[in-house]
Amino acid sequence: MQTKESKICRLIYYSTPTANLAKQDLDAILAESREHNTKWGITGLLAYDSSFFMQVLEGPEAEVTELFLRIGADTRHHSLRLVDVSQIEEARFDDWVMAIAELPELPGKFLNQLYGGFNPPRFSAQIAVEYFEILRDYLRRTH
């Protein structure tokens with residue numbers, strides 16, 4: 001039996017990007033995330049369109065919490081909302097220190113049919129995890 005200390009923290013949030021967010025901002029977010037997450041043992045996936053960011057983070061609880069606080073202070077987005085924080089047995093997004101899924105270029109029509117589009121405020125924690133798993137599987141096949 002695993003102890004609480006051996007479990008992994010999974011955190012999901014969404015936010016609204018600033019109106020002037022540019023491609024180079026996304027590139028900077030990805031570069032910064034990869035550098036910091038490697039040091040902290042955090043993995044995850046960031047979904048993005050012009051209306052929302054939604055991100056799943058997995059790793060040690062203290063580090064995920066610290067990262068979430070840093071993300072909350074980032075001026076490249078606002079209206080940060082926590083969707084879920086859970087203890088899980090194993091990481092599901094450990095393929096990447098961080099990856100970005102820019103929507104709707106990904107399997108948008110399929111996801112739109114299943115979930116009514118990329119609309120994080122309407123997602124439950126379970127729907128958010130399912131959505132990220134579909135994106136993860138798509139990225140694994142195409143990258």
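Start by selecting R136 and F93: in this predicted model, R136 lies over the face of the F93 ring, 5.5 Å from the ring centre.

Keep F93 on screen and add F132. The two ring centres are 6.0 Å apart with the planes at 75°, so this pair counts as edge-to-face. F93 and F132 are both buried. Now colour by secondary structure: F93 sits in the loop between strand 4 and strand 5, while F132 belongs to helix 4, so the pair ties together parts 39 residues apart in sequence.

Next, the other rings. There are 7 aromatic pairs by the rule used here. Pick Y48 and F53 for a tilted one, at 5.1 Å centre to centre and 40° between the planes. Y48 counts as buried at 13% relative accessibility, and F53 is buried too, at 4%. Then select Y14, F52, F118, F123 and Y131 together, and you have a cluster linked by ring pairs.

Now for the nonpolar cores. Show I12, L45, M54, F118, Y131, F132 and L135 as spheres: these are the residues with the most contacts inside the largest core, which has 22 residues. Where do they come from? Strand 1 (8-17), strand 2 (43-48), strand 3 (53-59), strand 5 (99-102) and helix 4 (125-142) each supply at least two residues of this core. Helix 4 gives the largest share, with 7 residues. In another colour, try C9, L21, L26 and Y48, which are among the 18 residues of a second, separate core. That brings back Y48 from the tilted pair with F53.

Last stop, helix 2. Select residues 61-72: this helix has 12 residues and reaches 16 Å from its first C-alpha to its last, close to the 16 Å expected at 1.5 Å a residue. Which of its residues are buried? Put sticks on V64, L67, F68 and I71. Look down the axis of helix 2 and you'll see why they belong together: the buried residues fall within an arc of 105°, so they line one face of the helix. The general geometry helps here, because an α-helix has 3.6 residues a turn, so residues three or four places apart point the same way. Flip to the other side of helix 2 and you'll find A62 and L69 exposed.

To see what covers the buried residues of helix 2, switch on strand 1, helix 1 (23-40), strand 3 and strand 4 (77-88), which are included in that cover.

Notes
Residues are numbered from 1 along each chain as its sequence is written. This is a predicted model: local features need pLDDT of at least 70, side-chain atom pairs count only at pLDDT 80 or more; totals for chains, interfaces and linings use all residues. Side-chain values use heavy atoms; hydrogens and water are left out. A nonpolar core is a set of buried Ala, Val, Leu, Ile, Met, Phe, Trp, Tyr and Cys residues joined through side-chain atoms within 4.5 Å. Buried means under 20% relative accessible area, exposed over 50%, partly exposed in between (1.4 Å probe, protein chains only). Helices (H or I, at least four residues) and strands (E, at least two) are DSSP runs, numbered from the N terminus. The expected span of a helix is 1.5 Å times one less than its number of residues. The arc is that of the directions from the helix axis to the C-beta atoms. Contact means heavy atoms within 4.5 Å. Rings of Phe, Tyr and Trp (its six-membered ring) pair if their centres lie within 6.5 Å; planes under 30 degrees apart count as stacked, over 60 as edge-to-face and the rest as tilted. A charge sits over a ring if NZ of Lys or CZ of Arg is within 6 Å of the ring centre and within 35 degrees of the ring normal.
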